[in-house]
Amino acid sequence: MEKNVQEKTTNEIESAVKTPPRPPPAPNDDGDDEPEINYRGIKSMPFIIGNETFEKLGAIGTLSNLQVYLTTVFNMSRISATMLLNVFNGTTNIATLVGAYLSDTYFGRYKTLGFASVASLFGLLVVNLTAVFKNLHPAKCLPENNGHCVGPDAGQTAFLLLGFGLLIIGAGGIRPCNLAFGADQFNPNTESGKRGIDSFFNWYYFTVTFAEIVSVTVVVYVQSNVSWSIGLGIPTIFMFFSCLLFFVGSRMYVKVKPEGSPMSSLCQVVVVAVKKRRLVLDGDHHGLELFNYAPPKSINSRLPYTDQFRFLDKAAIRTSEDRVNPDGSPANPWSLCSMQHVEETKCVLRVIPVALTAILYHIGAQQQYVVFQALQSDRYLPNTNFQIPAASYVIFAMLSLSLWVPFYDRLVIPFMRRIKNKKRTRAGEKRESSGGGFTALSRIGIGIFITVIESIIGVFVEQRRRSSALRAGGPTSPMSAMWLVPQLALGGLAEAFNAIGQIEFYYKEFPENMRSIAGSFFFCGNAVSSYVYSFLISIVHTMTEKSGTGNWLPEDLNKGRLDNFYYLVAALCAFNFGFFLLCASWYRYKGSGESGSVEMEMEVKKLDQHSA
């Protein structure tokens with residue numbers, strides 16, 4: 001009889017452990033009973049993807065040619081325009097952290113996206129008005145002025161900065177929230193929902209790239225060759241349709257309510273762990289002796305114990321001075337934290353080393369000197385008089401990404417899923433695999449490795465371009481600029497693996513109540529990478545300018561050694577790949593825990609605490 005009781009208890013424990021995490025609470029939930037959420041999934045995607053596509057067509061259509069607009073219409077110097085845009089881009093990426101915090105803490109993703117979309121619309125409208133009305137921009141610079149042009153006055157500058165400020169507000173809310181909001185529409189507890197989330201990440205980036213291609217070709221052509229008023233008006237119209245699509249689909253959306261500041265919980269764990277640093281824990285405690293409470297209506301999934309960052313476990317040590325409320329929650333979260341909050345903090349800390357690899361990755365994937373190489377190469381199409389603009393060669397990277405994403409989503413993932421299901425069938429498992437394709441970490445690693453190959457190819461292409469230019473004796477090399485296409489295509493392929501992998505990784509590995517902050521991580525990595533890249537170029541330029549080998553990066557690339565700079569970038573990317581391998585081997589995916597037995601024992605202890 002004792003054996004039967006033990007078996008029954010074990011079955012009940014396993015049933016409790018295998019219960020899937022609760023779906024996020026409904027937005028209109030005011031009572032104790034949570035109504036069932038109606039996930040529309042793919043049915044809501046036309047509104048969300050359409051909103052995102054038109055938003056990117058509007059934003060990129062304006063930003064991609066903004067430097068030319070500032071120098072030709074506002075009569076700014078190249079240095080002034082570059083500095084202004086660097087500040088604007090840096091502030092825009094940093095603003096994503098603020099927008100993510102406000103979304104996760106106070107407003108929720110739906111309200112944040114709605115407000116930010118309207119702010120972007122008005123920002124684009126203000127920038128467009130500076131081109132439409134002559135009194136909102138300086139007089140045109142005439143040749144008879146011998147290069148002395150009148151710059152913008154204080155009022156014109158203020159009106160332009162107003163448009164930039166509205167665009168910063170819009171980007172700060174849209175960028176970190178749109179991905180998480182789209183993924184919210186799929187049920188994470190069903191097989192079809194998990195597959196839908198994975199496909200959404202792929203198709204999201206595909207639409208972004210498609211918008212970039214249209215913007216840097218059609219929209220930029222209209223701006224440069226037809227009219228700035230019409231060229232900046234087109235993105236504004238796109239943004240209007242983006243807002244319209246977003247609000248039309250409002251009734252279909254799953255709107256997850258914010259749970260308060262997620263950063264407070266992280267700070268509480270660190271502060272309490274420092275306060276209790278002198279307390280001693282049993283080396284083999286496995287989290288079983290620690291305070292473990294999870295809010296019953298939290299959208300966060302229950303996490304098993306992990307033995308990484310063990311010093312944080314002390315935040316969950318319950319002393320005689322710590323008090324607990326009748327519902328089981330700690331009376332003072334700044335003196336006692338639950339293991340659930342400790343594990344959520346560990347999730348964030350584990351992500352940071354992997355996120356650091358994005359800095360050097362962006363340097364390797366987005367090599368800006370390709371444009372200058374194209375300027376000093378033969379850009380004419382064979383047997384024609386058509387010359388490809390140097391800045392348009394980035395389209396080959398975009399095309400590479402655009403071709404790979406549908407191929408991967410529609411062919412590679414189903415193929416790998418069938419292989420996994422065959423293995424499960426041979427092993428006697430009836431449950432089919434919901435996954436397929438590479439894991440998020442694998443995709444990030446593949447993208448980093450491709451940047452190494454891309455940089456090495458860049459070395460040989462530059463050596464060929466430079467040697468042919470020196471033989472010809474002119475500033476332009478007779479080598480066709482199409483030789484740059486292989487490294488550009490590899491850059492797009494690296495983006496398809498790494499960038500999409502990063503987005504998926506942050507979304508899945510951050511706690512559910514921090515998914516907007518997770519979305520901002522990708523843009524912050526890009527921002528830091530831009531600063532580091534500028535610093536790297538400055539250091540290389542300063543150190544090689546007075547060296548015996550000569551300046552690597554002069555104005556005339558034929559007099560420099562850009563191939564040596566590519567060698568340096570390849571070495572940095574190789575170091576980055578090695579660092580990533582260390583991070584990946586150490587990393588544990590969220591919810592993996594130490595072992596199933598530990599998770600089961602924690603569940604038993606938790607059930608006992610609740611019953612008591």
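The legends below describe close-up views of a predicted model.

**View 1. Helix α2 and its surroundings.** Helix α2 comprises residues 45–63, and its 19 residues should span 27 Å at 1.5 Å a residue, a value with which the 26 Å between its end C-alpha atoms agrees. Of these 19 residues, 16 are buried, so α2 is largely enclosed by the rest of the structure.

**View 2. The long axis of helix α6 and its bend at S215.** Helix α6 covers residues 191–225, a run of 35 residues. From the first C-alpha to the last, α6 reaches 50 Å, which is close to the 51 Å expected at 1.5 Å a residue. Along this course the helix bends by about 35 degrees, and the residue at which this bend is located is S215.

**View 3. Helix α7, with a buried proline and a nonpolar surface patch.** Helix α7 is formed by residues 228–248, and I237 lies within it. P235 is also found in helix α7, and with a relative accessible area of 0% this proline is buried, because the limit for that class is under 20%. The C-alpha atoms of P235 and V219 are 8.0 Å apart in space, while the two residues are separated by 16 residues in sequence. On the surface, I237, F240, F241, L244 and V248 form a nonpolar patch, whose members together have about 470 Å² of accessible area. Within this patch, I237 has a relative accessibility of 48% and therefore counts as partly exposed.

**View 4. The buried salt bridge between D184 and R109.** The side chains of D184 and R109 meet in a salt bridge with an N to O distance of 2.7 Å. This pair links distant parts of the chain, since D184 sits in the loop between α5 (154–183) and α6, whereas R109 belongs to helix α4 (residues 78–132), and the two are 75 residues apart. Both D184 and R109 are buried. A search of the whole structure finds 11 salt bridges.

**View 5. The salt bridge between D307 and R588, which joins two loops.** D307 and R588 meet through their side chains in a salt bridge, at 2.8 Å from N to O. Here too the pair links distant parts of the chain, with D307 in the loop between α8 (262–275) and α9 (339–365), R588 in the loop between α15 (562–586) and α16 (596–611), and the two positions 281 residues apart. D307 has a relative accessibility of 27% and so counts as partly exposed, and R588, likewise at 27% relative accessibility, also counts as partly exposed.

**View 6. The salt bridge between D563 and R561, and a network formed by shared partners.** D563 forms a salt bridge with R561, in which the closest N and O atoms are 2.8 Å apart. The partners fall into separate accessibility classes: D563, at 3% relative accessibility, counts as buried, whereas R561 is partly exposed, with a relative accessible area of 28%. Elsewhere, salt bridges that share partners join D104, R109 and D184 into one network.

**View 7. Aromatic contacts, with the F309 and F311 pair and a cluster of rings.** The count of aromatic pairs in the model comes to 29. In the pair made by F309 and F311, the ring centres are 6.4 Å apart and the planes stand at 80 degrees, so the arrangement is edge-to-face. F309 counts as partly exposed at 23% relative accessibility, while F311 counts as exposed at 52%. A separate listing of rings places F505, Y506, F510, F521, Y587 and Y589 in one aromatic cluster.

**View 8. Backbone positions with positive phi at N75 and F309.** Most residues other than glycine have a negative phi. N75 is not a glycine, yet its phi is positive, at about 55 degrees. This residue, N75, is found in the loop between α3 (66–72) and α4, and its relative accessibility of 14% means that N75 counts as buried. F309 is likewise not a glycine and has a positive phi, of about 50 degrees. F309 is found in the loop between α8 and α9, and at 23% relative accessibility F309 counts as partly exposed.

Definitions and conventions: Residues are numbered from 1 along each chain as its sequence is written. This is a predicted model: local features need pLDDT of at least 70, side-chain atom pairs count only at pLDDT 80 or more; totals for chains, interfaces and linings use all residues. Side-chain values use heavy atoms; hydrogens and water are left out. Patches are made of residues with over 30% relative accessible area and no salt bridge: like charges are joined within 9 Å, nonpolar side chains (Val, Leu, Ile, Met, Phe, Trp, Tyr) within 5 Å. Accessible areas come from the Shrake-Rupley method with a 1.4 Å probe; for residues, only the protein chains shown count as cover. A salt bridge is a side-chain nitrogen of Lys or Arg within 4 Å of a carboxyl oxygen of Asp or Glu. Helices (H or I, at least four residues) and strands (E, at least two) are DSSP runs, numbered from the N terminus. Buried means under 20% relative accessible area, exposed over 50%, partly exposed in between (1.4 Å probe, protein chains only). The expected span of a helix is 1.5 Å times one less than its number of residues. The bend at a residue is the angle between axes fitted to the seven residues ending there and the seven starting there. Rings of Phe, Tyr and Trp (its six-membered ring) pair if their centres lie within 6.5 Å; planes under 30 degrees apart count as stacked, over 60 as edge-to-face and the rest as tilted.
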